[in-house]
Amino acid sequence: ACASHAIKPADITVHENWPGTKNVREYHGIFFSGQPDAEGLKAFKLAGVTTVINLRPEGEMKELEFDEAAEAGELGLEYHAYPWPKKEALQAEAVQSIERVATEKHEAGERVLIHCSSGNRAGGWFAIHLRKEHGMSLEDAFGTAKAAGLSRESTQQQVREYLGE
């Protein structure tokens, strides 16, 4: 479902002071953020989010004070974990799974949260989505994805390598 206009950084909403979560950005019901805590998940549920997509590999999740998958389940949120490593190459299966779930939910009118630790990798996924699904130039996709949380050059490099550009 391509928008009839090019998606621009100005189309991204920045949510200041979101409870229990840093770097919350939104594009038409798709939220990008850093790691939510239990309070953050409740706030996303109250905002109408039905599905959580966690991009953090299992090893990163050990540092948390709570079990995110269990907490999401208790709130009635659908929960998916598709690891996006900080350094290694992206796995096509994980990227395609993120795309499939996010697109299915979004097209059904549902709100989705895609998060990592800071929001950077969530923004990285958005850059791939904008390039592949909306036909944006890589430069424009990066510009918009930065507004959604993409912040690291290393993640931009992962995206370039994944896209073969």
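User: Which residue just after α6 takes a positive phi?
Analyst: That's G149, with a phi of about 130°. Keep in mind that this is a predicted model.

User: OK, and which residues of α6 are buried?
Analyst: In α6, residues 138-147, the buried ones are L138, A141, F142, T144 and A145.

User: What do those buried residues pack against?
Analyst: Two helices: α5, spanning 120-134, and α7, spanning 153-163.

User: Let's stay with α5. Which of its residues meet α6?
Analyst: From α5 you have G123, F126, A127, L130 and R131. On the α6 side they meet L138, A141, F142, T144 and A145.

User: How do the axes of α5 and α6 sit, angle and distance?
Analyst: They come within 8 Å and cross at roughly 145°. The crossing of α5 past α6 is right-handed.

User: What about E139 in α6, buried or exposed?
Analyst: E139 counts as exposed, at 67% relative accessibility. For a distance across to A127, the C-alpha atoms are 9.3 Å apart, and the two residues are twelve apart in sequence.

User: Switching to the sheet. What's the strand order?
Analyst: β1-β2-β3-β6-β4-β5, an open sheet of six strands with mixed pairing.

User: Which strands stand at the edges?
Analyst: β1 and β5, the latter being 78-81. Each has a single partner strand, so one side of each is left without a neighbour in the sheet.

User: And how much twist is there from one strand to the next?
Analyst: It averages 20°.

User: How does β5 pair with β4, parallel or antiparallel?
Analyst: Parallel, over four bridges, with β4 covering residues 49-54. One pair to look at is N54, whose bridge partner in β5 is A81.

User: Now the other end. How many bridges join β1 to β2?
Analyst: Three, and the two strands run antiparallel. β1 is residues 13-15, and its T13 stands opposite E26 in β2.

User: What does E26 face in β3?
Analyst: F31 is the residue opposite E26 there. β2 and β3 (residues 30-33) are antiparallel as well, with three bridges between them.

User: Anything odd in the hairpin of β2 and β3, say which residue has a positive phi?
Analyst: H28 does, near 45°. That hairpin has two residues between the strands.

User: Which residues cover the two faces of β2?
Analyst: Within β2, residues 24-27, V24 and E26 are on one side, while R25 and Y27 are on the other. All four are buried, and both faces of the strand are covered. As a reminder, in a regular strand the side chains alternate between the two faces of the sheet.

User: A buried Glu makes me curious. Which side chain does E26 meet in a salt bridge?
Analyst: R111, at 3.5 Å from N to O. E26 belongs to β2 and R111 to β6 (residues 111-115), so the pair ties together parts that are 85 residues apart in sequence.

User: How accessible are E26 and R111?
Analyst: E26 has a relative accessible area of 10%, so it is buried. R111 is at 30%, which counts as partly exposed.

User: How many salt bridges does the count come to?
Analyst: Nine. Another one is R131 with E165, at 2.7 Å from N to O. R131 is in helix α5 and E165 in the segment after α7, so that pair links parts 34 residues apart in sequence. Both ends are partly exposed: R131 has a relative accessible area of 25%, and E165 has 42%.

User: Which residues do shared partners join into one network?
Analyst: R56, E60, E63 and R121 are joined by salt bridges that share partners. Within that group, the closest N and O atoms of R56 and E60 are 2.8 Å apart. R56 and E60 are both buried.

User: Last topic: where is S97?
Analyst: S97 is in helix α4, residues 92-107. It's buried, with a relative accessible area of 12%.

User: What does the side chain of S97 reach?
Analyst: The backbone oxygen of E93, at 2.8 Å.

Note on methods: Residues numbered from 1 in each chain as written. Predicted model: local features only at pLDDT ≥ 70, side-chain atom pairs only at ≥ 80, totals over all residues. Heavy atoms only, no water. Buried < 20%, exposed > 50% of the residue type's maximum accessible area, 1.4 Å probe, protein only. Pairing = 2+ DSSP bridges. Contact = heavy atoms within 4.5 Å. Salt bridge = Lys/Arg side-chain N within 4 Å of Asp/Glu carboxyl O. Polar contact = N/O pair within 3.5 Å; in protein donor to acceptor, adjacent residues only side chain to side chain. Axes fitted to C-alpha atoms, helices over the stretch in contact; angles between N-to-C directions. Left-handed = near helix turned anticlockwise from the far one by under 90°.
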